[in-house]
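Hi,

Here is the structure I promised to pass on to you. Have a look at it first, then read my notes underneath.

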There are 2 protein chains.
Amino acid sequence: MTPGGAGVAPRHPDRPHPVAAEAVPAATDPAGDDLAAYLRAQATEFLRALRAQREHGNGAEGAAEAGRALRRSARRISAALHTFRALLDPAWADSMRPELAWVSGTLALEHAQEARLDRLLLALHRLSGSTPVPVGAVVHAGAPSPVPERGSLTVGAAKAGALLERRLTLARTRAHSAALEALGSARFHAVADRIALLASDVPLAPGAATAGLGPLAAAAEDRLAGAVSVLPLVTAGDPYNAQALVHGLSPDPAPHPQDGPWHQVRLLLRLHRYAREIPHPAPADPRLRQAAEALTRHRDAAEAAAEAAQAARTPRIAPATAYALGVLHADQRHEVEAARFTFQQTWQS
Amino acid sequence: MTPGGAGVAPRHPDRPHPVAAEAVPAATDPAGDDLAAYLRAQATEFLRALRAQREHGNGAEGAAEAGRALRRSARRISAALHTFRALLDPAWADSMRPELAWVSGTLALEHAQEARLDRLLLALHRLSGSTPVPVGAVVHAGAPSPVPERGSLTVGAAKAGALLERRLTLARTRAHSAALEALGSARFHAVADRIALLASDVPLAPGAATAGLGPLAAAAEDRLAGAVSVLPLVTAGDPYNAQALVHGLSPDPAPHPQDGPWHQVRLLLRLHRYAREIPHPAPADPRLRQAAEALTRHRDAAEAAAEAAQAARTPRIAPATAYALGVLHADQRHEVEAARFTFQQTWQS
């Protein structure tokens, strides 16, 4: 798939011409040229999604899909810049990545708040026995089942639901405004311009066109393996180890420090999975996909639990509301523990 | 161990003389005579414990041990009367059992309230991160670890702990008074007199002395197997199935109906284990012991969860207190789920 000669890579206009590299035999390993093609494709995808979003305007279903595509390509470009930095113009890559993180972070927030509210309301109904839980099935509160009506809730659960809805709808509205503002900003236009440039010309480092990606992809996998190796997997594989709720009533309202290593593995697993997409997605590895889903569920449940705890600090709420939020918090922390168990089972398999 | 002849069983004075049964070959199965010997021994143990308790008076450690021995023998006599009713004078057995249930129930309550408070305070500390949880160990809140000081708790957890302490100390004091009153009552003296009689003379049914206990013990085991067969063991064996908390916020404050079948199995397992003690304890079966422990933990956690929910209905408590009680309730319901998982694992092994 890779032309064996040097100097065939598209060159960034203000980059030095790559030095003539020795001709390497065509390998099965992807090389810098494949990286360049991947980055061009992702940049093109980003621009296409951006156009689609502008055409659809706000609120339409198409706009949401375009937003997802925008974030998806931004994440992939950013990941490639990180994993294969050695093959790219380092100054360019280093200046590009924070901008891409800002874009995907800003655009992701509205969706995250919406998903969090869905998760919490669904859990409130499950805890009220008003949604049938499939027997033998682990509950994935993030699954797209319809949120039922609030008629069957206790006063406390109903009030907790209303409080969460107020808080998260407000947060979502703010996130929506922030995303709109970002999309119209000079900073975003500068990013879009740079991505338009990337769609035609990738600033590879000298000699990178024919350099293999293998060692850098392997290094990403090693970083993942290293991060997994420090996870408490023995504990996580022991069901009902009661670790996730150990700080459930801790005086420290900050996110649980014990979650950090798991969040870190989630990011490294994403880098590893994206690296496997070059030059084209490797054969699907259901284990990696399931592990990634477990870590996403871990993050979502941890954030939902934190939201329930924060909501319970609202002044002057009724004790019944606070009680329901306490049950909800503990429930989501157990989802955190369940997600760790699922990850452990998937990873060891 | 069993004399092969008929008519050697001690006879109750007001019982008809057992009809001369056919001489059966000495079997390895225990027979009615062994049952009589067992009941005499348990009755003697009951009387010994009663004497010890009266000597020790209230509150001493020896009195607590004597109380445990009293309940232990009362439970065993009652169980034998139930399982082997067909070999006993049925009118006598039927009139004796409610009295024994009253004795063991009344005497057990004080200890139960004390253990419940320990369990809940320990859980509050665990949830506050103030007690180190052994890594990889399932938490048994009923384990005799010292309850740490309250300094490290949040305001909510500390207030919840104080509220539970007030409620359960009051309940325990009442249970203590009720037990003292019961021990001094005419009803109790009548029971003690009947047990004194039992210590020398067991009212076997005609021909029971040589009848084998096997079929009746097997029937008890069958009842246990039947009750286990309707438990949702497939769900219970799926870790983090989120079933135990399904009614965590249900409008119905009654004990969870889903717990009933498990409590029933706990009682039937006890009957089966006690039946295996005749003529002397069968070789220890760690599986049965572990299963029984899991079901006891199931019951204790279910009752502790109900207590947390009830305490949260105290008028005019602070929201922070209610929140802590909500977390505590959910935590104990997860202990319920964990106990079901342990039971399933033990039973299938």
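Below is what I found, starting with the ground rules.

This is a predicted model, so local features need pLDDT of at least 70 and side-chain atom pairs count only at pLDDT 80 or more, while totals for chains, interfaces and linings use all residues. Residues are numbered from 1 along each chain as its sequence is written, chains are lettered from A and ligands numbered from 1 in the order in which they are written, and side-chain values use heavy atoms, with hydrogens and water left out.

**Chain A as a whole**

Start with chain A, which has 10 helices and 0 strands. Here helices (H or I, at least four residues) and strands (E, at least two) are DSSP runs, numbered from the N terminus. Along the sequence the pattern reads α-α-α-α-α-α-α-α-α-α. Of its 349 residues, 48% count as buried. Buried means under 20% relative accessible area, exposed means over 50%, and partly exposed is in between (1.4 Å probe, protein chains only). Now take contacts (heavy atoms within 4.5 Å): among those in chain A between residues at least 6 apart in sequence, 81% join residues at least 24 apart.

Thr321(A) gives you an example of parts that are far apart in sequence meeting up. Thr321(A) sits in helix 10 of chain A and is buried, with a relative accessible area of 4%. Its C-alpha atom is 4.3 Å from that of Gly156(A), although the two are 165 residues apart along the chain. Leaving out residues up to four places away in sequence, Thr321(A) touches Gly156(A), Lys159(A), Ala160(A) and Leu163(A).

For a contrast, try Arg174(A), in helix 4 (residues 155-183) of chain A. Arg174(A) counts as exposed because its relative accessibility is 57%. The C-alpha atoms of Arg174(A) and Leu109(A) are 9.3 Å apart, with their positions 65 residues apart along the chain.

**Where the two chains meet**

How many residues does each chain bring to the contact? It takes 47 from chain A and 47 from chain B. The size of an interface is often given as the accessible area lost when the parts come together. Between chain A and chain B, the buried area is about 3900 Å², and carbon and sulfur atoms give 67% of that. (Buried area is the accessible area, with a 1.4 Å probe, that two parts lose on being put together, summed over both.) On the chain A side, Tyr240(A), Leu249(A) and Tyr323(A) lose the most area to chain B, together 25% of what that side buries.

There are 0 salt bridges between the chains; a salt bridge is a side-chain nitrogen of Lys or Arg within 4 Å of a carboxyl oxygen of Asp or Glu. There are 8 residue pairs in polar contact, both residues at pLDDT 80 or more. A polar contact is a pair of N or O atoms within 3.5 Å; within protein, one must be able to donate a hydrogen and the other to accept it, and residues adjacent in sequence count only if both atoms are side-chain atoms.

Which element gives the largest share of the side of chain A that touches chain B? That is helix 10 of chain A, with 14 residues. By class, this side has 29 nonpolar, 14 polar and 4 charged residues. Ala, Val, Leu, Ile, Met, Phe, Trp, Tyr, Cys and Pro count as nonpolar, Asp, Glu, Lys and Arg as charged, and the others, Gly among them, as polar.

**Two helices of chain B**

In chain B, 25 of the 30 residues of helix 10 are buried, so this helix is largely enclosed by the rest of the structure. At 1.5 Å a residue, helix 10 (residues 319-348) of chain B should span 44 Å, and its end C-alpha atoms are indeed 44 Å apart. The expected span is 1.5 Å times one less than the number of residues. Asp285(B) caps the N-terminal end of helix 9 of chain B, with a side-chain oxygen 2.9 Å from the backbone nitrogen of Arg287(B).

**Backbone oddities**

Most residues other than glycine have a negative phi, and most peptide bonds are trans. The bond from Ile278(A) to Pro279(A), however, is cis, with omega near 5°, and Pro279(A) lies in the loop between helix 8 (260-275) and helix 9 of chain A. In chain B, a cis peptide bond joins Ile278(B) and Pro279(B), with omega about 5°.

Arg316(A) has a positive phi of about 60° although it is not a glycine. Arg316(A) is in the loop between helix 9 and helix 10 of chain A, and counts as exposed at 80% relative accessibility.

Cheers
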